[in-house]
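Colleague: Before we discuss this model, could you explain the terms as they come up, and set each value against its cut-off?

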Amino acid sequence: MKLFQEFHPSEIPNSPGVYVFRDRFGKVIYVGKARNLKRRLSSYFQPSRVRTADPKLRSLINSIHLWSYETVRSEDEALILESRLIKDFSPHYNILMRDDKRYLLLKIDMNELFPTLKLARIKKPDNAVYFGPFPQGTALKATLEFLLSHFGLRACRDSEPNAETRKHCLKRIVKDCCAPCTGEISREEYMLKVQAALKVLEGDIRELKNSIEERMKEYASQCRFEQAAKMRDVLHNLTAVFGKRNREFARPELPDTSPGISAVEDLQNQLHLKTAPSRIIGFDISNILGRLAVASLVAFKDGKPDRDNYRRFRIRTVDQSDDFAMMAEAIRRHFGRLLKENRPLPDLLLVDGGKGQLSATIKTLVEIGCPPFPVLGLAKKNEEIYLPGRSEPVILSRHTPALRMLQALRDEAHRFAITYHRELRKKEIEKSLLDDIPGVGKIRKKQLLKEFGSVAALRRATPEEIARRISGLGENTAFRISHAIRKERSQESTANEK
């Protein structure tokens, strides 16, 4: 961060980025984006600009005391970062960036019977999973339409389609939807399609890109140039939306306006702690409807990540969606081990949540006989800090080093938990009914799924058709495959009737 008077164009890169202006009190008064930082910032520091500018711009320039900038990789990233910083700091001069100007998100509610992808502009506290934001709205809408068709996900608005919904469903007729509402596939098979779509949303687009490129080449070789052009456009949109350079990136920290005081010291002063919390740990939970539940533990030392002391846990005793119970298990296991091995406790424990989560955590610590030490809860909605024995939360300025350190720790715990959960989910996706059939190895399994597309399609094929379409597959093996997957479906139907 530099003083307004200390501007030298030679120090500014010719690259996209975001710039921040502050007044003499260190308060953020304006956030802007630029395709070329040097050109944009230079325009503010020209004396003639002040004389000819409109009153609003002249007032802004006269109020600038400190300035800083952050480079990014693309103009899209600059758009997203600018929007985030404006919503974080609500600068006085960003009048034109109203709250209703939001980039599109993709949303999926895993609580629905048959989840599907939808567009959204506001991230609500509704337990749904959100991806984005995505600056390229047109490309995103076209890509969403393709993904729904490619994976066979339902496109109807009703969370639980009924007979009336099915009557007017064109997607089922044109085979763009696998029609789970009619019972053509089981929920488990449908969820495998959902998980495959989630991989794309998380940035793993290699397999899908290869599939699209193969279809494009096949259409071209058949002189079906219109279809090949459509696949080309699909590939372009997919790369633009989910390509590596356009994936969501972490928000860089703005420079500290309180030189000489560390985040740890600031936290001690703000919360009146007896000692500076040099060692802080935080927990987070990740699961989908209680399945593949995991907990993460991250540690900070002197305000910085201490990755050697990160830990992760598989939740063993909770088989339903109960975050309180899952957190209690993680707390009990970790601190139980510390007490058993007579190891030192952290200086501070951060819990992601408000009064309820904090109370449940303290109750667990008391139950295992843990000596008292500082514990606090950080409620994400308004970044309120809850302390034991206090009914009202502590609210710190969003620009204080203390709060920003707690936010960083909380976000790191969330990232670490999500990463572990995705690893487990990916392993589960790779499993299928074919794994347990004698004579079907990894290579044969890959051939079957590539040829038929899904276990549901394979189930509808006869043993003779399976043997004919898979090179080198004997009739006996084809019969075992057909018998095994049809037997599983029959057992599932019998269980549902009971």
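Modeller: Let me begin with accessibility: a residue is buried under 20% relative accessible area, exposed over 50% and partly exposed in between, with a 1.4 Å probe and protein chains only. The model is predicted, so local features need pLDDT of at least 70 and side-chain atom pairs count only at pLDDT 80 or more, while totals for chains, interfaces and linings use all residues. Residues are numbered from 1 along each chain as its sequence is written, and side-chain values use heavy atoms, with hydrogens and water left out.

Colleague: What makes R343 partly exposed, and which residue forms a salt bridge with R343?

Modeller: R343 has a relative accessible area of 38%, which falls between the limits of 20% and 50%, and R343 is therefore partly exposed. Its partner is E341, with the closest N and O atoms 3.0 Å apart; a salt bridge requires a side-chain nitrogen of Lys or Arg within 4 Å of a carboxyl oxygen of Asp or Glu, so this pair qualifies. E341, at 44% relative accessibility, also counts as partly exposed.

Colleague: How do you know that K33 and E82 meet in a salt bridge, and what parts of the chain does the pair link?

Modeller: The N to O distance is 3.5 Å, which is within the 4 Å limit, and the pair is therefore a salt bridge. K33 belongs to strand β3 (residues 28-34) and E82 to helix α4 (residues 75-89), 49 residues apart, and the pair thus links distant parts of the chain; helices (H or I, at least four residues) and strands (E, at least two) are DSSP runs, numbered from the N terminus. K33 is partly exposed at 28%, whereas E82, at 7%, counts as buried.

Colleague: Why can E451 and R469 be said to tie together separate parts of the sequence?

Modeller: E451 lies in helix α15 (residues 442-452) and R469 in helix α17 (residues 463-469), so their salt bridge joins parts that are 18 residues apart in sequence. The closest N and O atoms of E451 and R469 are 2.9 Å apart, and the relative accessible areas, 35% for E451 and 32% for R469, make both residues partly exposed. Salt bridges that share partners also join E112, K118 and R154 into one network, and the whole structure has 15 salt bridges.

Colleague: What makes β6 and β7 edge strands?

Modeller: The open sheet of three strands runs in the order β6-β5-β7 with antiparallel pairing, where two strands pair if DSSP finds at least two bridges between them. β6 (117-120) and β7 (129-134) each have a single partner strand, so one side of each is left without a neighbour in the sheet. The twist averages 25° from one strand to the next. Strand β5 (residues 104-108) and β6 share four antiparallel bridges, so the requirement of at least two is met; L105 stands opposite A120 in β6. Helix α5 packs on the sheet, touching β5, β6 and β7, and its direction makes about 165° with that of β6; such angles run from 0 to 180 degrees between N-to-C directions, with axes fitted to C-alpha atoms, for helices over the stretch in contact.

Colleague: Is G152 buried or exposed, and which residues does G152 contact?

Modeller: At 9% relative accessibility G152 is under the 20% limit, and therefore counts as buried. G152 lies in the loop between α5 (137-151) and α6 (163-167). Leaving aside neighbours within four places in sequence, G152 is in contact (heavy atoms within 4.5 Å) with L147, D176, C177, C178 and Y190.

Colleague: What makes a group of residues a nonpolar core, and which residues have the most contacts inside the largest one?

Modeller: A nonpolar core is a set of buried Ala, Val, Leu, Ile, Met, Phe, Trp, Tyr and Cys residues joined through side-chain atoms within 4.5 Å. The largest has 37 residues, and L147 and F242 have the most contacts inside it. The elements giving it two or more residues are β5, β7, α5, α8 (187-201), α9 (206-221) and α10 (225-242). Apart from that core lies another, of 25 residues, among them V318, M327, L358 and F373.

Colleague: How do helices α12 and α13 cross?

Modeller: The axes of α12 (residues 323-340) and α13 (residues 355-367) come within 9 Å and cross at roughly 35°.
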